[in-house]
Amino acid sequence: MFNVAVILGAGNGTRMGIDKSKLLLEIGGKTVIERTVETFENTPEVDEIIVVCRECDIEEFSNLLTDENVSFVIGGETRQESVANAVEVIDDCDYIIIHDGARPLVTETEIVNTLDKAQNTKAAATGVRVKDTIKVVDDELVIVETPDRSKLVSIQTPQIFDFNTYKTALDKAKNEGKDYTDDCQLVENLGLKVSAVIGSYENIKITTKSDISLAENILKQRGEL
């Protein structure tokens, strides 16, 4: 098996109110992107890592991420385009492991468990069961439906796919003029099913400044700070 991890880090810090990539913010003395990539570097099942980032961040990212198995590509205008840019530089692999660079608390166990499932089903994604009651509303915010919470999973990353299957899904979406914000949905568009693998609520996405302190608290509880 040869598996490639694609770490998406081409976003900006707009919602953080900062003028640089939020992945360059520090959590306990390490940047977000360092913590994210480090976990994949330490996972034996991951053979190569491609970090997708903005052109203006490549120099700083490359100074931080010096492992010989890490390379960089420029991101696109959308998530789908960013992953496609990474796919273009992959000669061949068995599974593509797509992960948000802003999820630095992912564990090796979550990566391996999701990969194991993907190897059986060709497509799998880490997620957690929904805690709150979810309501479907109409355009006027009137509740029209209450889904069964036991059937709901909040999908995170990594999302892992058979590489040839993912490339086929990309081609189909491009030919149809579709652009998906979720990689599972991209593959579902082929008519294939994606398996959910229950992970951890600690696999948070760094989106706002309060998430930095939350991440630090989680790392302290783990004994990693």
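## A nonpolar patch on the surface

A patch, as the word is used here, is made of residues with over 30% relative accessible area and no salt bridge, and nonpolar side chains are joined into one within 5 Å. In this predicted model, V136, V142 and V144 make a nonpolar surface patch of about 220 Å².

Take a look at V142, one of the three. You will find V142 in the loop between strand 8 (136-137) and strand 9 (143-145). Its relative accessible area is 42%, so V142 is partly exposed.

## Backbone angles to look out for

Here is some background for this section. Most residues other than glycine have a negative phi, and most peptide bonds are trans.

Next to V142 in the numbering comes L141, which is also placed in the loop between strand 8 and strand 9. The phi of L141 is near 65 degrees, a positive value in a residue that is not glycine. L141 counts as exposed because its relative accessibility is 67%. K122 is another residue to find: its phi is near 80 degrees, again positive in a residue other than glycine. K122 sits in the loop between helix 4 (108-121) and strand 7, and its 46% relative accessibility makes K122 partly exposed.

There is a peptide bond to visit as well. The bond from T157 to P158 is cis, with omega near 15 degrees. P158 itself belongs to strand 10 (residues 153-162).

## Helix 1 and its residue T39

Now turn to helix 1 (residues 32-41). Of its 10 residues, 7 are buried, so the rest of the structure largely encloses this helix. The buried residues are V32, I33, R35, T36, V37, T39 and F40.

T39 is a good one to zoom in on. T39 lies in helix 1 and is buried, with a relative accessible area of 16%. What does the side chain of T39 reach at 3.3 Å? The partner is the backbone oxygen of R35. An α-helix has 3.6 residues a turn, so residues three or four places apart point the same way. Setting aside residues up to four places away in sequence, T39 touches V106, T107, E108 and I111.

## Strand 4 and its two partners

Strand 4 (residues 48-53) has 5 of its 6 residues buried, so strand 4 is largely enclosed by the rest of the structure. Which strands pair with strand 4? One partner is strand 1 (residues 3-9), which runs parallel to strand 4 and is joined to it by 6 bridges. Within this pair, V52 of strand 4 stands opposite L8.

Strand 5 (residues 70-74) is another partner, and it pairs with strand 4 in the parallel sense over 5 bridges. Here I50 and S71 in strand 5 stand opposite each other.

## Strand 11, one face covered

Strand 11 (residues 195-198) shows two faces. In a regular strand the side chains alternate between the two faces of the sheet. Which residues of strand 11 make up the covered face, and which the uncovered one? S195 and V197 are on the covered face, while A196 and I198 are on the uncovered face.

Strand 11 also has a neighbour to trace. It pairs with strand 7 (residues 123-129) in the parallel sense, over 4 bridges. If you follow T126 across, its bridge partner in strand 11 is V197, and V197 is one of the residues on the covered face.

Key: Residues numbered from 1 in each chain as written. Predicted model: local features only at pLDDT ≥ 70, side-chain atom pairs only at ≥ 80, totals over all residues. Heavy atoms only, no water. Buried < 20%, exposed > 50% of the residue type's maximum accessible area, 1.4 Å probe, protein only. Pairing = 2+ DSSP bridges. Patch = residues over 30% accessible without salt bridge, like charges linked within 9 Å, V, L, I, M, F, W, Y side chains within 5 Å. Areas by Shrake-Rupley, 256 points an atom, 1.4 Å probe, with all protein chains shown as cover. Salt bridge = Lys/Arg side-chain N within 4 Å of Asp/Glu carboxyl O. Polar contact = N/O pair within 3.5 Å; in protein donor to acceptor, adjacent residues only side chain to side chain. Contact = heavy atoms within 4.5 Å.
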